[in-house]
Amino acid sequence: MDILFENIIERDIDLLIMRHFSLANQNVINLFAKKAGIIINEGFVIDSVAHSVTTSDGETDIEIIIWDNNEKIAFIIENKINAVAQPNQARRYEIRAEKAVKEGRYSKYYIFIIAPQKYLDNNKEASKYKNQISYEQIRDVILDHIDIAMIDKALDESKHGYVPIEDRRVTDFWNSIYEFAEDRYPGVFRIWGKKGESRGANATWINISSGNGTTIVIKADRGYVDLEVAGYADKFQKFSKDNQQIIDNRKLYVRTATKSLAIRKYIDIIDFTASFNEQLDKIEDAFEKAKELQDLIVWLKF
């Protein structure tokens, strides 16, 4: 049976790992324990499984706390597929963990990075983590076919990624994008990536998962928003004919790109190296047009 995914983002892998710990999957727990050089005894209890634990010193992707022999042990996990490596990120994990020990949240901790093996082999920041576990190793110890397919998809996507040099202005701009979307459109948009993730200078396209084989992309540097339908490039004529009334009434433009069909709305170009607040009107317009395209999905004939 084929199990297909449009795309896999780091959050998907975060939730996969959290699920296996919450179910006390012994294979996964042993993989992490062995990498840390410890043994988790029989009778252990998963105390908590947390995602995106944020403090003044930064964000932890996954935090697992285990009760073992009346002692709280934390597995603290950074997850990467192909995103930019943030400077001193490994050290900030240590700082957060030390503070948590002083606060009595747990007594011991082990910090991990999980990523495709290629990422671990070639990223200088990743090399600073003592405990490194590859996606390939995780794949080898899980049995769920859907989870295996998810990891395979993530590994495939990692081959097309890169680890550019961070542009702090662009990273800050992205953080403002996430805050804006969470504030203005709570629960409406699922933007790829996550707040706090470092960005290179060319990271100016905002990808939004919209389901049913479609993706909305705000192509800020080009001045338009596309609703992309995978595999529909050869159905351009039929799609245009079947949806002519909606296309005309909503002032849409239909284009083809490689194997995808793009339903387009035009916007003003947005500069990710300039002030976010000074471009707020442009950003609001871009997201309104993204929402318009998202709302149209149920009305369009595919």
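This is a short walk through a predicted model, covering a sheet, two nonpolar cores, a hairpin, a helix and two buried polar residues.

Okay, housekeeping. The model is predicted, so local features need pLDDT of at least 70 and side-chain atom pairs count only at pLDDT 80 or more, while totals for chains, interfaces and linings use all residues. Residues are numbered from 1 along each chain as its sequence is written, and side-chain values use heavy atoms, with hydrogens and water left out.

Let's start with the sheet. Five strands make an open sheet, ordered β1-β2-β3-β4-β5, with mixed pairing. Helices here are DSSP runs of H or I with at least four residues, strands are runs of E with at least two, and both are numbered from the N terminus. Two strands pair if DSSP finds at least two bridges between them. β1 (45-55) and β5 (131-134) are the edge strands, and each has a single partner, so one side of each has no neighbour in the sheet. From one strand to the next, the twist averages 25 degrees. β1 runs antiparallel to β2 (residues 58-68), joined by nine bridges, and Val 53 sits opposite Thr 60 in β2.

Helix α1 (residues 10-22) packs on this sheet, touching β1, β2, β3 (71-79) and β4 (108-115), and its direction makes about 160 degrees with that of β1. Contact means heavy atoms within 4.5 Å; axes are lines fitted to C-alpha atoms, for helices over the stretch in contact, with angles from 0 to 180 degrees between N-to-C directions.

Next, the cores. The largest nonpolar core has 38 residues, and Trp 174, Ile 177, Ile 191, Ile 206, Ile 218 and Phe 287 have the most contacts inside it. By core I mean buried Ala, Val, Leu, Ile, Met, Phe, Trp, Tyr and Cys residues joined through side-chain atoms within 4.5 Å. Buried is under 20% relative accessible area, exposed is over 50%, and partly exposed is in between (1.4 Å probe, protein chains only). Helix α7 is the biggest giver to this core, with seven residues. Leaving aside neighbours within four places in sequence, Trp 174 is in contact with Ile 191, Arg 199, Ala 203, Trp 205, Ile 206 and Phe 272. Apart from that core lies another, of 36 residues, including Phe 32 and Ile 77.

So where does Ile 218 stand? It is opposite Val 225 in β9. β8 and β9 pair antiparallel over six bridges, and they form a hairpin with four residues between them, where Gly 223 in the turn has a positive phi of about 90 degrees. In β8, six of six residues are buried: Thr 214, Ile 216 and Ile 218 point one way, and Thr 215, Val 217 and Lys 219 the other.

Helix α10 has 17 residues and reaches 24 Å from first C-alpha to last, close to the expected 24 Å; that expectation is 1.5 Å times one less than the number of residues. Its buried residues include Phe 287, Lys 289 and Gln 294.

Last, two polar residues. Glu 197, in the loop between β6 (190-191) and β7, is buried at 8% relative accessible area. Not counting residues up to four places away, Glu 197 touches Glu 10, Ala 83, Gln 86 and Thr 171. Its side chain also makes a polar contact with that of Arg 199 (3.5 Å), meaning N or O atoms within 3.5 Å, one able to donate a hydrogen and the other to accept it, with sequence-adjacent residues counted only if both atoms are side-chain atoms. Asn 7, in the segment before α1, is buried too, at 12%.
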